[in-house]
Amino acid sequence: MAALSHRMLRLVLSHPTTRVVRRVSDEVTAAATAAAAGNKNPSNTIFSRILNKELPADIVYEDDKCIAFRDVSPVAKVHLLVIPRQPIPSLSVANNTDQNLLGHLLLVTKQLADEHNLQEGYRVVINNGPQGCQSVYHLHLHLIGGNQLSWPPGT
Ligand code: AMP
């Protein structure tokens, strides 16, 4: 196949379809890398460092059970992450003793949606495991909204 000229390559890479494919592939790669690295110790993730205030983050909410901060790579006008202080790696390893905490995380997420004027609608997402594109093994809820979202979210 003939090599693409730089101009053609720029056009292909800037096409919306290509950008979506690249983003999906980036996320799959990040999730696979995190899982392969055995990065499943929630006391040793980027989010535990944010919790310990070792790393800066744009924190929008804090209480004794959880914090919420802006996602560094937002996919919508509003993209917040709500994380428990308790280091649960992922939803799949949560158990009955986490029931109150999980309910609290959902209610805080709802409160944040109200505070960020998402009355027209929003999405709450928990990615779980490599095939769910989880890239940080500290349980977190994505709160996404502020503009029209599409559905389905991916295959
Ligand atoms: P997930 O792919 O569900 O594990 O989501 C992890 C999310 O964390 C991604 O949306 C990242 O953009 C976000 N993220 C990674 N590092 C940071 C950081 N230092 N501050 C804020 N968000 C981050």
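This text leads the reader through a predicted model of a protein chain with a bound ligand, from the overall fold to the ligand and then to two individual residues.

The protein chain holds 4 helices and 5 strands, and, when it is read along the sequence, these elements follow the pattern α-α-α-β-β-β-α-β-β. Of the 155 residues in the chain, 32% are buried, while the accessible surface comes to about 10000 Å², with 55% of that surface belonging to carbon and sulfur atoms. Among the contacts in the chain with a separation of 6 or more, 57% are accounted for by residues that stand 24 or more positions apart.

The interior can be considered next. In soluble globular proteins, nonpolar side chains tend to be buried together. In this model the largest nonpolar core has 16 residues, and the members that touch the most other members are Tyr61, Cys66, Val82, Leu105, Val108, Leu112 and Leu143. At least two residues of this core come from each of β2, β3 (78-84), α4 (99-115) and β5, and it is α4 that gives the most, with 5 residues. A second core, separate from this one, consists of 8 residues, including Phe47, Phe69, Ile83 and Val136.

Leu143, one of the core residues just named, also leads to a pair of strands. Leaving aside its neighbours within four places in sequence, Leu143 is in contact with a list of residues that includes Val78, Leu80, Leu112, Leu118 and Val124. The last of these, Val124, lies in strand β4, and although Val124 and Leu143 are 19 residues apart along the chain, their C-alpha atoms are separated by 4.8 Å. Beyond its neighbours within four places in sequence, Val124 is in contact with Thr109, Leu141, His142 and Leu143. Val124 has a relative accessible area of 36%, and because this value falls between the 20% limit for buried residues and the 50% limit for exposed ones, Val124 counts as partly exposed.

The ligand is surrounded by 16 residues, of which the closest are Asp71, Asn127, Ser135, His140 and His142. By type, the residues of this shell divide into 8 nonpolar, 6 polar and 2 charged. Both α3 (46-51) and β2 (66-70) supply at least two residues of the shell, and α3 gives the most, with 3 residues. Several polar atoms of the protein can be placed beside those of the ligand: an N or O atom in the side chain of Asp71 is 2.5 Å from an oxygen atom of the ligand, a polar backbone atom of Val72 is 3.1 Å from a nitrogen atom of the ligand, and an N or O atom in the side chain of Asn127 is 2.8 Å from an oxygen atom of the ligand. Taken alone, the ligand exposes 500 Å², and the protein buries 82% of that area.

A final stop is Gln134, which lies in the loop between β4 (122-125) and β5 (141-145). Gln134 has a relative accessibility of 1%, and because this is under the 20% limit, Gln134 counts as buried. Its side chain reaches the backbone oxygen of Pro89 at 3.0 Å, and the side chain of Gln134 also reaches the backbone nitrogen of Gly129, at 2.9 Å. Not counting residues up to four places away in sequence, Gln134 touches several others, among them Ala31, Ala34, Ser90, Asn127 and His140; Asn127 and His140 also belong to the residues listed as closest to the ligand.

How values were computed: Residues are numbered from 1 along each chain as its sequence is written. This is a predicted model: local features need pLDDT of at least 70, side-chain atom pairs count only at pLDDT 80 or more; totals for chains, interfaces and linings use all residues. Side-chain values use heavy atoms; hydrogens and water are left out. A residue is near a molecule or strand if one of its heavy atoms lies within 4 Å of it. A polar contact is a pair of N or O atoms within 3.5 Å; within protein, one must be able to donate a hydrogen and the other to accept it, and residues adjacent in sequence count only if both atoms are side-chain atoms. Accessible areas come from the Shrake-Rupley method with a 1.4 Å probe; for residues, only the protein chains shown count as cover. Ala, Val, Leu, Ile, Met, Phe, Trp, Tyr, Cys and Pro count as nonpolar, Asp, Glu, Lys and Arg as charged, and the others, Gly among them, as polar. Buried means under 20% relative accessible area, exposed over 50%, partly exposed in between (1.4 Å probe, protein chains only). Contact means heavy atoms within 4.5 Å. A nonpolar core is a set of buried Ala, Val, Leu, Ile, Met, Phe, Trp, Tyr and Cys residues joined through side-chain atoms within 4.5 Å.
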